[in-house]
Amino acid sequence: MVIRSVEFLGSVVALDQPPPSRLPQVAVAGRSNVGKSSLINRLLGRPRRKVARVSAQPGKTQALNFYEVNRAFLLVDLPGSGYAKAPKSVRDSWRRLVRGYLAGSEELRGVVYLVDSRHPPTAGDLEFVEYLAETGAPTLIALTKVDKLKPRERARGISPATVDRLGVSPEQVVSTSAKTGEGAEELLDAIAALLEES
C-alpha cells in the first residue's frame, strides 16, 4: 500500500457520537507505553511531521481519533490500555468507549494490536486479544520496538511462545520498528488485505 494522503477527521469521545465518516475502518490498539502513536506516524509516512501525537507521558490518547487515508479508509487510533496513573473512573470510561466501538462499529474491518517485543505479552494483552476474538474482528499483531532487541534476540525471530500465548497464528504477527521503519510495508500490505477481504 502506498500512502498518498492523510487527513485527521476528528475525535469521538462518547459511544453515542457518530464517526466522522462511514468509510471502512481499521483500528490500532495497544498498551499506553507500547509506541502506538510512533508506529502510526511511521505507517502513514509521517515519521518527522507527526499525525498522531507522540508523548513521553503514556496515556495521552483519550478518544477515538480518526485519520482518513488515501480517501479510501479510516485508521482509528484507540486510547491505550493499562495506564495506571489515570484515575480509575477515567480508565473505565476509556475501556467502555473502546469496547463499545469494537463491538458496535459496522465499518470496522480489522484491528492491529501492538505488543512490546521486548517483553512477554501481559495479562492485559491476553485479555484484549481474547476480547477481539469474541467480537470476531480480524486481528493483526504488531510486535513493536524490535530495534531495541539484542542481536541474539533478533536472530531468533518471532517467539513461538509469544504466538502461542496470544492464541494467534504466526501469519498474523509482524515485527515492527517505528524508528527504523522495519515491518511498516508488511503491516500496510496486511491492512490492505483486511480491507480487500471486506
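**View 1. The open sheet and its strand order.** This predicted model holds an open sheet of 7 strands in the order 1-3-4-2-5-6-7, with mixed pairing. Strands here are DSSP runs of type E with at least two residues, and helices are H or I runs of at least four residues, both numbered from the N terminus; two strands pair if DSSP finds at least two bridges between them. At the edges sit strand 1 and strand 7 (173-175), each pairing on one side only. On average, neighbouring strands of this sheet are turned by 25° against each other, direction ignored. For that angle, axes are lines fitted to C-alpha atoms (for helices over the stretch in contact), and angles run from 0 to 180 degrees between N-to-C directions.

Residues are numbered from 1 along each chain as its sequence is written. Because the model is predicted, local features need pLDDT of at least 70 and side-chain atom pairs count only at pLDDT 80 or more, while totals for chains, interfaces and linings use all residues; side-chain values use heavy atoms, with hydrogens and water left out.

**View 2. Strand 3 beside strand 1.** Strand 1 (residues 6-12) and strand 3 pair in the antiparallel sense over 6 bridges, and here you can find Glu-7 opposite Glu-68. Strand 3 (residues 64-69) is mostly covered, with 6 of its 6 residues buried (under 20% relative accessible area, 1.4 Å probe, protein chains only). Leu-64, Phe-66 and Glu-68 point one way, Asn-65, Tyr-67 and Val-69 the other.

**View 3. The hairpin of strands 3 and 4.** Moving on, strand 3 meets strand 4 (residues 73-77) in antiparallel pairing over 5 bridges. The two form a hairpin with 3 residues between them, and Asn-70 in the turn has a positive phi of about 55°. Tyr-67 stands opposite Leu-75, and Glu-68 has Leu-74 as its bridge partner in strand 4.

**View 4. Strand 4 and its parallel neighbour.** In strand 4, 5 of the 5 residues are buried, so this strand is largely enclosed by the rest of the structure. Phe-73, Leu-75 and Asp-77 point one way, with Leu-74 and Val-76 facing the other. Strand 2 (residues 25-30) runs parallel to strand 4, joined by 4 bridges; look for Val-28 opposite Asp-77.

**View 5. Strand 5 and the helix across it.** Strand 2 is also joined to strand 5 (residues 108-116) by 6 bridges, again in parallel, and Ala-29 has Tyr-113 as its bridge partner there. Helix 3 (residues 123-135) lies across strand 2, strand 5 and strand 6 (139-144), running at about 165° to strand 5; contact means heavy atoms within 4.5 Å.

Definitions and conventions:
Buried < 20%, exposed > 50% of the residue type's maximum accessible area, 1.4 Å probe, protein only.
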